[in-house]
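Here is a quick tour of a protein chain for someone who would rather be at the bench. Have a look at the sequence and the model first, then read on.

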Amino acid sequence: MSPDPREAQVKRLLEGPYPAVPPDLAAGAAARGDRLLRRRRTLRRIGWSLLWATMVAFVVWASLTGAWSTPSSEVSPPW
């Protein structure tokens with residue numbers, strides 16, 4: 001049975017010389033990670049602030065309009 005050509009190619013790649021890594025790769029990756037974390041944190045804060053503001057607005061609306069109180073019966077129902 002002949003060996004798989006893809007397996008042989010992978011073995012050659014693993015045995016051969018490794019490519020040079022750019023010297024600023026780690027610093028760039030760290031900077032990008034910091035930007036992503038800041039962006040996520042900001043979006044999370046904005047989301048929680050919007051949720052809080054929505055809840056406050058709902059409570060104020062409900063307390064001003066009496067949303068859960070029963071309406072007064074000024075007119076008696078017809079018989």
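## Helices and overall build

A quick word on terms: a helix here is a DSSP run of H or I that covers at least four residues, and helices are numbered from the N terminus. With that in hand, the chain has two helices and zero strands. Helix α1 takes in residues 5–15, and helix α2 covers residues 25–65. Keep in mind that this is a predicted model.

How much of the chain counts as buried? Just 1% of the 79 residues do. The chain exposes about 8100 Å², and 66% of that comes from carbon and sulfur atoms.

## The arginine patch

Which residues make up the positive patch on the surface? They are Arg32, Arg35, Arg38, Arg39, Arg40, Arg41, Arg44 and Arg45.

Take Arg45 as one member of the group: Arg45 sits in helix α2. Its relative accessibility is 58%, so Arg45 counts as exposed, given that the cut-off for exposed is over 50%.

## The nonpolar patch

There's a greasy counterpart too. Trp52, Val56, Val60 and Leu64 form a nonpolar patch on the surface, and together they offer about 440 Å² of accessible area.

Trp52 belongs to helix α2. Is Trp52 buried or exposed? Trp52 counts as exposed because its relative accessibility is 60%.

## An aromatic pair

The structure holds one aromatic pair. The partners are Phe58 and Trp61, with ring centres 5.8 Å apart and 35° between the planes, which makes the pair tilted. Tilted is the label for planes that are neither under 30 degrees apart (stacked) nor over 60 (edge-to-face).

Both Phe58 and Trp61 lie in helix α2, three residues apart, or about one turn of the helix. Phe58 comes in at 42% relative accessibility, so Phe58 counts as partly exposed. Trp61 is partly exposed as well, with a relative accessible area of 46%.

## The salt bridge

Side chains of opposite charge can pair when their charged atoms come close. How many salt bridges does the structure hold? One. Lys11 forms a salt bridge with Glu7, and the closest N and O atoms are 3.6 Å apart. That separation qualifies because the cut-off is within 4 Å.

Lys11 and Glu7 both belong to helix α1, where they lie four residues apart, about one turn of the helix. Lys11 has a relative accessible area of 46%, so Lys11 is partly exposed. Glu7 counts as partly exposed too, at 44% relative accessibility.

Technical notes
Residues numbered from 1 in each chain as written. Predicted model: local features only at pLDDT ≥ 70, side-chain atom pairs only at ≥ 80, totals over all residues. Heavy atoms only, no water. Patch = residues over 30% accessible without salt bridge, like charges linked within 9 Å, V, L, I, M, F, W, Y side chains within 5 Å. Areas by Shrake-Rupley, 256 points an atom, 1.4 Å probe, with all protein chains shown as cover. Salt bridge = Lys/Arg side-chain N within 4 Å of Asp/Glu carboxyl O. Buried < 20%, exposed > 50% of the residue type's maximum accessible area, 1.4 Å probe, protein only. Lys, Arg positive; Asp, Glu negative; His and termini not counted. Charge placed at Lys NZ, Arg CZ, Asp CG, Glu CD. Phe/Tyr/Trp six-rings, centres within 6.5 Å; stacked < 30°, edge-to-face > 60°.
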